[in-house]
Amino acid sequence: MNTLIAFYQNIGPALTVLVIATFLLAGAVKGVIGLGLPTIAMGLLGLAMPPAQAAALLIVPSTLTNLWQLAAGGHLPALMRRLGPMLVMIFVGTLAGSTWLGMDSGPWAAHALGGALVIYALYGLLGPQLRVAAHREGWLGPLCGLLTGVVTAATGVFVIPAVPYLQSLGLNRDALIQALGLAFTVSTLALACGLAGQDALGGQALGASLLMLAPALLGMLAGQWLRQRISAALFKRCFFIGLAVLGGHLMVNG
């Protein structure tokens, strides 16, 4: 416990407040629209710390909230069969990308993170509603998984191109939410392995990440309450606009 307290003492009270507020907000966004926790966490924390450190902090909250999302619904066996090749390639792409690119503290990492956020925001705001034919899933799924893994390794954000691909499969709402939880869980575990291989995920970092589970879960509960009282479509549009602004700032200023 002393080492966990030391971690937050080392980063200072102002940054500690930012970390807690970030996970509260990221959890609330996930509670409303079913995704966004790692994206918000990486984007906001990337303003104040190296992306590798930000990614280490999101491992525990992202894993457990995604498992919570994954547990809802009864589509898991069918999704595992259908998405299995894509999930395997997410893992392969993340580990290969971690070896090839790495998520070091260099300025390129923050710029790459900003670029990923802008691309995702623009797709969310302007992207067409795609539909993938069943006979193309055999090669397109693994390709999207591989690309998602490489982007994950470089930026800590695992929504591109996985989210557009999953949204194009014609899944019903419950199955889509469960599919997103499945893909995000695999991506988070692969990211953890990649960070560990770069010596960026030690015991202290995991412990510091564990402490962020409480604000993330509290935010999720608040978001689920809020979802019943606001327009999800309007909230999502505001989310993507904010994400585009945040990503643009990271791209320009690193």
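# A guided tour of two pockets, three helix pairs and one cis bond

Begin by selecting Leu25, Val29, Ile40, Leu44, Phe235, Cys238, Phe239, Gly242, Leu243 and Leu246, which together line the second largest pocket. The model on the screen is a predicted one. The space in this second largest pocket amounts to about 160 Å³. Next, colour the helices α2, α3 (37-45) and α12, since each of them supplies at least two residues of this lining. Which helix gives the most to the lining of the second largest pocket? The answer is α12, with six residues. Colouring the lining of the second largest pocket by class shows nine nonpolar residues, one polar residue and no charged ones.

## The largest pocket

Now select Ile33, Gly34, Leu35, Leu180 and Lys236. Of the 33 residues that line the largest pocket, these five lie nearest its centre. The elements that each give two or more residues to this lining are α2 (13-33), α4 (51-71), α6 (107-126), α8 (162-167), α9 (173-197), α11 (213-227) and α12 (232-253). Among these helices, α9 should be highlighted: the largest share of the lining, six residues, comes from α9. The largest pocket holds about 850 Å³ of space. How do the residues of its lining divide into nonpolar, polar and charged? There are 17 nonpolar, 10 polar and six charged residues in the lining of the largest pocket.

## Helices α3 and α4

Hide the pockets and display α3 together with α4. The axes of these two helices come within 9 Å and cross at roughly 155°. An angle over 145 degrees counts as roughly antiparallel, and therefore α3 is roughly antiparallel to α4. The crossing of α3 and α4 is right-handed. To view the contact, select Leu37, Pro38, Met42 and Leu45 on the α3 side, and Pro51, Ala54, Ala55, Leu57, Leu58, Ser62 and Thr65 on the α4 side. By class, this contact of α3 with α4 contains nine nonpolar residues, two polar residues and no charged residues.

## Helices α2 and α4

Keep α4 in view and replace α3 with α2. Here the axes come within 12 Å and cross at roughly 20°. Are α2 and α4 roughly parallel or roughly antiparallel? Angles under 35 degrees count as roughly parallel, so α2 is roughly parallel to α4. The crossing of α2 and α4 is right-handed. In this contact, Val19, Phe23 and Lys30 of α2 meet Leu57, Leu58, Pro61, Thr65, Asn66 and Gln69 of α4. The residues in the contact of α2 with α4 comprise five nonpolar, three polar and one charged. Leu57, Leu58 and Thr65 of α4 deserve a second look: they appear in the contact with α3 and also in the contact with α2.

## Helices α5 and α7

Move next to helix α5 (residues 76-100) and α7, whose axes come within 6 Å and cross at roughly 30°. The two helices are therefore roughly parallel to each other. The crossing of α5 and α7 is right-handed. On α5, select Arg82, Pro85, Met86, Met89, Ile90, Gly93, Thr94, Gly97, Ser98 and Trp100; on α7, select Glu137, Gly141, Pro142, Gly145, Leu146, Thr148, Gly149, Val150, Thr152 and Ala153. These residues make the contact between the two helices. By class, the contact of α5 with α7 has nine nonpolar, nine polar and two charged residues.

## A cis peptide bond

For the last stop, select Ile160 and Pro161. Is the peptide bond from Ile160 to Pro161 cis or trans? This bond is cis, with omega near -5°. Most peptide bonds are trans. Pro161 can be found in the loop between α7 (137-155) and α8.

Methods. Residues numbered from 1 in each chain as written. Predicted model: local features only at pLDDT ≥ 70, side-chain atom pairs only at ≥ 80, totals over all residues. Heavy atoms only, no water. 1 Å grid on protein atoms, 1.4 Å probe; cavity = no way out; pocket = protein on both sides within 12 Å on 5 of 7 lines; lining within 4 Å. Points joined across faces, edges and corners; volume = space filled by probe spheres on them. Helix = DSSP H or I, 4+ residues; strand = E, 2+ residues; numbered from the N terminus. Nonpolar A, V, L, I, M, F, W, Y, C, P; charged D, E, K, R; others polar. Axes fitted to C-alpha atoms, helices over the stretch in contact; angles between N-to-C directions. Parallel < 35°, antiparallel > 145°, perpendicular 65-115°, else oblique. Left-handed = near helix turned anticlockwise from the far one by under 90°. Contact = heavy atoms within 4.5 Å.
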